Amino acid sequence: MANGSSSRSLLKPLPRNSLLLSSSVMIIIVGIILALTYQSILKPPPPKLCGSPGGPPITAPRIKLRDGRHLAYKEHGLPREKANHKIVCIHGSDSCRHDAVFATLLSPDLVQELGVYMVSFDKPGYGESDPDPNRTPKSLVLDIEELADQLSLGSRFYVIGKSMGGQAAWGCLKYIPHRLAGVTLVAPVVNYYWRNLPLNISTAGFNLQQKRDQWAVRVAHYSPWLIYWWNTQNWFPVSSVANRDVGILSQPDKDIILKMGSSRKPHLAEVRQQGIHESINRDMIVGFGNWEFDPIELENPFLNKEGSVHLWQGDEDMLVPVTLQRYIAHKLPWLHYHEVPRSGHFFPFAKGVVDEIVKTALMQRIN
């Protein structure tokens with residue numbers, strides 16, 4: 001009797017609240033597993049802040065920003081108080097304040113002739129600048145404006161942005177046009193998700209990338225929380241920039257790199273010394289995220305020709321498709337477009353190019 005009763009009790013349906021309890025327990029267990037996985041694999045480690053215990057040393061001059069962060073900078077050319085033209089240089093991805101090609105390759109004679117002062121700086125998370133986990137296209141522009149103010153660059157200054165730094169230059173045109181004497185964008189990276197970039201134009205440019213870079217851009221745009229894992233895992237090819245893969249470059253770029261040799265990046269170790277996430281990855285998240293504005297909607301900030309905007313692009317650039325720049329130049333007729341034939345992404349390193357770019361940038365009127 002006892003055994004039969006026991007068997008019947010096993011066949012008896014469980015109360016509904018017991019089933020709910022079991023489901024809740026399973027959800028909690030799965031949640032714990034996912035949380036531990038995120039903590040151990042997906043979540044990036046904290047950045048190694050400069051000046052912190054065990055972190056990189058502080059060697060550069062830095063300013064303290066509005067939110068308490070520090071921005072490291074480097075000055076070039078004439079002293080500020082003696083210069084006629086003051087230029088802020090914005091570096092691209094996987095670079096730092098030392099990679100100021102427009103300052104380092106500018107002819108000394110031209111520096112004196114034109115009276116040029118330049119300042120380059122580490123973008124947040126690069127070099128010796130504190131990371132900004134809340135960085136947006138606008139916040140970086142405000143960093144630039146604050147740098148200019150604390151260095152007393154005057155009411156108006158020039159901006160030169162290269163590659164991923166070109167996106168910050170677009171932001172300057174949007175948010176602080178009243179502070180600009182002129183803007184130069186050099187092979188600026190295009191965000192394929194700008195709302196006014198036609199789908200056929202965007203798709204054509206997107207498909208010119210390597211498959212690995214297409215996937216990295218997708219992850220940065222749609223799942224930014226996954227980008228650290230994506231650029232550090234070994235299952236799939238990661239971003240070519242994150243992997244420092246020069247194999248994807250055009251032949252003109254490879255020729256330049258070969259000619260430069262070991263002098264190309266003497267400060268390479270300093271670029272990512274605080275970690276890859278708040279430098280390379282943050283550039284991708286911001287650069288390919290949803291912007292608050294579209295550069296194609298911008299209006300001419302220099303209606304009285306008191307300044308000018310220039311965009312330079314190599315026609316054999318394998319990182320930034322020339323077709324995208326041609327479309328932007330077509331939609332913004334007030335922008336002066338300079339296409340450099342038989343040139344790749346690193347064309348400013350070719351002899352005499354920097355002099356031409358800087359001289360053009362400082363022209364107040366275009367005939």
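Here a biologist and a modeller talk through a predicted model, one feature at a time.

Biologist: Happy to start! What should I know about how this model was made and numbered?

Modeller: This is a predicted model, in which local features need pLDDT of at least 70 and side-chain atom pairs count only at pLDDT 80 or more, while totals for chains, interfaces and linings use all residues. Side-chain values use heavy atoms, with hydrogens and water left out, and residues are numbered from 1 along each chain as its sequence is written.

Biologist: Thanks! How many of the residues of strand β3 are buried?

Modeller: Strands (E, at least two residues) and helices (H or I, at least four) are DSSP runs, numbered from the N terminus. Buried means under 20% relative accessible area, exposed over 50%, and partly exposed in between, with a 1.4 Å probe and protein chains only. Strand β3 covers residues 85-90 and is largely enclosed by the rest of the structure, because its buried residues number six of the six.

Biologist: Which residues of β3 are buried on each side?

Modeller: In a regular strand the side chains alternate between the two faces of the sheet. In β3, both faces are covered. One side holds buried His85, Ile87 and Cys89, and the other holds buried Lys86, Val88 and Ile90.

Biologist: Which residue of β4 is the bridge partner of Ile90?

Modeller: Two strands pair if DSSP finds at least two bridges between them. Strand β4 (residues 116-121) runs parallel to β3, with six bridges joining the two. The β4 partner of Ile90 is Phe121.

Biologist: And in β5, which residue does Cys89 stand opposite?

Modeller: Strand β5 (residues 157-162) also pairs with β3 in the parallel sense, over four bridges. Opposite Cys89 in β5 stands Ile160.

Biologist: Let's turn to charges. How many salt bridges are there?

Modeller: A salt bridge here is a side-chain nitrogen of Lys or Arg within 4 Å of a carboxyl oxygen of Asp or Glu. One of them joins Arg80 and Glu75, at 2.6 Å from N to O. By this rule the count is 20.

Biologist: How many residues apart are Asp130 and Arg62?

Modeller: Asp130 and Arg62 form a salt bridge whose closest N and O atoms are 3.6 Å apart. That pair links distant parts of the chain, with Asp130 in the loop between β4 and α5 (137-150) and Arg62 in strand β1 (residues 62-64). Asp130 counts as buried because its relative accessibility is 13%. Along the chain, the separation of the two is 68 residues.

Biologist: In the pair of Asp149 and Arg179, which residue is buried?

Modeller: The side chains of Asp149 and Arg179 meet in a salt bridge of 2.8 Å, N to O. This pair too links distant parts of the chain, 30 residues apart: Asp149 lies in helix α5, and Arg179 lies in the loop between α6 (165-175) and β6 (180-186). Asp149 is partly exposed at 43%. With a relative accessible area of 10%, the buried residue is Arg179.

Biologist: How far does α5 reach from its first C-alpha to its last?

Modeller: The expected span of a helix is 1.5 Å times one less than its number of residues. For α5, with 14 residues, 20 Å is expected. The span in the model is close to that, at 21 Å.

Biologist: Is α5 enclosed or exposed, and how many of its residues are buried?

Modeller: Helix α5 is largely enclosed by the rest of the structure. Among its buried residues are Pro137, Leu140, Asp143 and Glu146. Of the 14 residues, the buried ones number ten.

Biologist: What space lies in the largest cavity?

Modeller: A cavity is a set of points on a 1 Å grid over the protein atoms alone where a 1.4 Å probe fits but cannot get out, and lining residues have an atom within 4 Å of a point. Grid points are joined across faces, edges and corners, and a volume is the space filled by probe spheres set on the points. The whole structure has one cavity of 30 Å³ or more. Its space is about 110 Å³.

Biologist: Which residues are closest to the centre of the largest cavity?

Modeller: The lining has 14 residues, and α5, α6 and α12 (277-287) each supply at least two. Closest to the centre are Arg135, Leu140, Gln167, Ala168 and Val286.

Conventions:
On a 1 Å grid over the protein atoms alone, a cavity is a set of points where a 1.4 Å probe fits but cannot get out, and a pocket is an open set with protein on both sides within 12 Å along at least five of seven lines; lining residues have an atom within 4 Å of a point.
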